[in-house]
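Welcome! Please open the model in your viewer, switch on the cartoon display and keep the selection tool at hand for this tour.

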Amino acid sequence: MVHELRGNRASLRLAPDNRPLTVAQRDLDRLAEAPNPLAPAAGPGQAPWRLSSEQLLEALPPRRELGAAWLLLLEAAGAALPEPLPLVDLAELLGDAADPALLASLWLWLQGDQSLFRWRHGLVAPRSLDDLRRLRRDRRRQFLAERQQRHWHAVLQRRTPLDPACFESREAAELALLRRWACGNTDQPLTLELRRALQAAHCQVEPGAIRHLLVDLGQWSRHHLPTLEATIWQLGFSPELHQECRRLLAVVDDEHPGDLQRLDLTGLHSFTIDDDDTQDIDDGLSWEPAGDGAEALWIHIADPGRLVELGSPLDLEARRRGSSLYLARGSLPMFPQELATGPFSLRSGLRCAAWSLRVELGAEGEVQTFALHRSWLRPAYRLSYSDADELIELAPPEEPAPAALHVLMERRCAWRQRQGALQLEQPEGRIRCRGDVAELEVVEPSASRRLVAEAMILAGAVMAEHGVRLGLALPYRSQQASALPSEAELAQLEPGPVRHAAIKRCLSRGHMGVTPAPHFSLGLAAYVQATSPIRRYGDLLVQRQLAALADGQVPLQEAELAALLSEVEGCLRQGLSISRDDQRHWQQVWFEQNPQPSWAATFLRWLRPQDQLALVWIDDLSLELPAECPAGSEPGAALRLRVVQVDSLRDQLRLQASA
């Protein structure tokens, strides 16, 4: 009821509690006047109105009468569109047009959820039959959609496995949105209804909690990495690429460019050393003694470029990946498995295409001579690292090569150390998994691992020197010189992880570029990674540049190679991030599956002293992990470490150390 008019504003009293409200006069619909405007009632619940919720409900005509009024007006209009009419005319059809309660109840009904009439600009118009049918169809569809959504949200709340095929596109879209949130992509907000459903399902609106929900719903693998979602590694190789693989497998024995110039080394005794589960074998070794007491080391590198041409579909796919990924569950290869473990690999007993580097070292470990050839190779056998360690230790007369090569590589390692190279060997704990079970594997430094690592570094150094002499653009690896702790400072630190942590803290990041530069921690004037072309695209580029020179072609110039490396570098960063996330996830799973009251640990260095966060070494696990440590802890301090919180789905591992 209008209580007072002030300019273009109106002061109202709202039924049934006489609540005051001020609105613009243009927003009012005039229903009726008080009998005596000079003496208005004190409120809508008093004479002459006496309007209450009960009275308004009682004054509203029955639904049948309202429908009859609609039909009467529609029939009166005939084929023409029904003319709008004032509210009092509709009231006249239904009862006493002077009854304020009838007018008010009709007005309220017209504003509500009814489909017979339109209320517009203070006039009533009956809807056409076609409009009524359309409106009712829309409302039916809306009702069904809301019912389906209520059912869908009830399913979320039950947190039991579901079949997405049973739901409509809207539910599938919400499920896809939840999956994006689980992957950490929260750019698209959740609807209010979905947020309420998550709340009812006791699920916080954050990625970790949503991953827990999706696991319960059977829509997320418990060990799926968010950073792996929708990446080129997860998508795998397309059918077209597998078809290309089959084509290449069919022409392996055909003659390819450069084959006629290959040096036949199938008679040279060669072997490979790898982990037991390695399937793509891209390097091998030979020892060549001479009658005058001289000896040479051969380093053989697989040649996938013999079959995969630059710019071919498989080459472009390898470029997009940048490298193979080695995860706890297994590898995601840069090339399809049938090629990587087949004709690309240096397989025992089979003739293999390779690049073979022959190196003679001087008495101090310096490179005296070297020669690089395309070659044919037939590895005699494959050794595991434990097999090679045994042969190095026993040095049997019938197989002297591993022990002889070990002596050569120790000499070379000593030479690099005199050039400033750092030796930071220590045990390394890494997590593998068997099914859903996390298993800790500790890799100890050994003679065979040092032999292989040093041989690969030697190959990279010689090829880099070769590139420098030829003025050849290569993906050179470098590292700026760093100011290390003094000898006196290092002497005060416990040898091993504690001392290594102090050194690593000072080292700068490695850099890849097309011009040679020194590599500080390797003690080399120039260096390239060149011995894993099946696993690293940069190593394949080294071979392509060398092959171009050997074939009389123009190799990529610095600008071209730099552009290519820039393209590959982003892929490498993504792959490295996935590998780190994978190992961190499985460390968390391992702690979930192997609870212990505490662990012996050693303080290494502070990460964020203000938060009491430091890096510690867990000797039994050979792991470096961040943990909350007591204030004032010093490198080498003995600590007792306990797991405060671990949740692999939320990517949480909180460790706390005490003195």
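Two strands count as paired if DSSP finds at least two bridges between them. With that in mind, note that you are looking at a predicted model, and let's begin at a sheet.

**Stop 1: the seven-stranded sheet**

Select strands 7, 14, 13, 10, 9, 8 and 15, and you have an open sheet of 7 strands in the order 7-14-13-10-9-8-15, with mixed pairing. Residues 263–264 form strand 7 and residues 381–384 form strand 15; these two stand at the edges with a single partner strand each, so one side of each is left without a neighbour in the sheet.

Now step inward to strand 13, residues 352–361. Of its 10 residues, 8 are buried, so strand 13 is largely enclosed by the rest of the structure. Strand 13 pairs with strand 10 in the antiparallel sense, over 6 bridges. To see one such spot, pick Ile299 and then its bridge partner in strand 13, Leu357.

Strand 14 also pairs with strand 13, antiparallel and over 10 bridges. Click on Trp355 here, then on Arg374, its bridge partner in strand 14. Follow the chain around the hairpin of these two strands: there are 5 residues between them, and Gly365 takes a positive phi near 100°.

Next, select residues 270–274 for strand 8 and residues 283–289 for strand 9, an antiparallel pair held over 2 bridges. Ser270 stands opposite Ser286 of strand 9.

Bring in the helices now. Helix 14, residues 401–418, packs on the sheet and touches strands 8, 9, 10, 13, 14 and 15, with its direction making about 95° with that of strand 9. Helix 13, residues 385–394, lies across strand 8 and strand 15 and runs at about 90° to strand 15.

**Stop 2: the three-stranded sheet**

Which strands make up the open sheet with the order 4-6-5? Select strands 4, 6 and 5 to show this sheet of 3 strands, with antiparallel pairing. The edge strands are strand 4 (85–86) and strand 5 (117–120), each pairing on one side only.

Strand 6 covers residues 123–126 and pairs with strand 4 in the antiparallel sense over 2 bridges. Choose Leu85 and look across to its bridge partner in strand 6, Val124.

Two helices are worth adding to this view. Helix 2 (residues 63–77) lies across strands 4, 5 and 6, at about 80° to strand 5. Helix 4 (residues 100–111) packs on the sheet by touching strand 5 and strand 6, and its direction makes about 100° with that of strand 5.

**Stop 3: a helix and its buried residues**

Move on to helix 17, residues 497–504, and show side chains for its buried residues: Pro497, Val498, His500, Ala501 and Ile503. These residues pack against helix 16 (487–491), strand 20 (599–608) and strand 21 (613–618).

**Stop 4: a pair of helices**

Select residues 537–550 for helix 18 and residues 558–593 for helix 19; their axes come within 11 Å and cross at roughly 160°. Angles over 145 degrees count as roughly antiparallel, and helix 18 and helix 19 are therefore roughly antiparallel to each other. The crossing is right-handed. For the contact itself, display Tyr537, Leu541 and Gln545 on helix 18, and Leu561, Leu564, Leu565 and Val568 on helix 19.

**Stop 5: the cysteines**

How many disulfides does a search of the whole structure find? The search finds 0. Take Cys352, which is in no disulfide: the nearest cysteine sulfur belongs to Cys245, 18 Å away. Cys352 is buried, with a relative accessible area of 3%. Then try Cys433, also in no disulfide, where the nearest cysteine sulfur is that of Cys183 at 19 Å. Cys433 counts as buried too, at 7% relative accessibility.

**Stop 6: two loop residues**

Finish with a look at the backbone. His202 sits in the loop between helix 7 (192–200) and helix 8 (207–216). Its phi is positive, about 60°, although His202 is not a glycine. Is His202 buried or exposed? With a relative accessible area of 74%, His202 is exposed.

Gln612 lies in the loop between strand 20 and strand 21. Phi of Gln612 is near 60°, a positive value in a residue other than glycine. At 36% relative accessibility, Gln612 is partly exposed.

How values were computed. Residues are numbered from 1 along each chain as its sequence is written. This is a predicted model: local features need pLDDT of at least 70, side-chain atom pairs count only at pLDDT 80 or more; totals for chains, interfaces and linings use all residues. Side-chain values use heavy atoms; hydrogens and water are left out. Helices (H or I, at least four residues) and strands (E, at least two) are DSSP runs, numbered from the N terminus. Contact means heavy atoms within 4.5 Å. Axes are lines fitted to C-alpha atoms, for helices over the stretch in contact, and angles run from 0 to 180 degrees between N-to-C directions. Buried means under 20% relative accessible area, exposed over 50%, partly exposed in between (1.4 Å probe, protein chains only). A disulfide is a pair of cysteine sulfur atoms within 2.5 Å. Angles under 35 degrees count as roughly parallel, over 145 as roughly antiparallel, 65 to 115 as roughly perpendicular and the rest as oblique. A crossing is left-handed if the near helix is turned anticlockwise from the far one by less than a right angle, and right-handed if clockwise.
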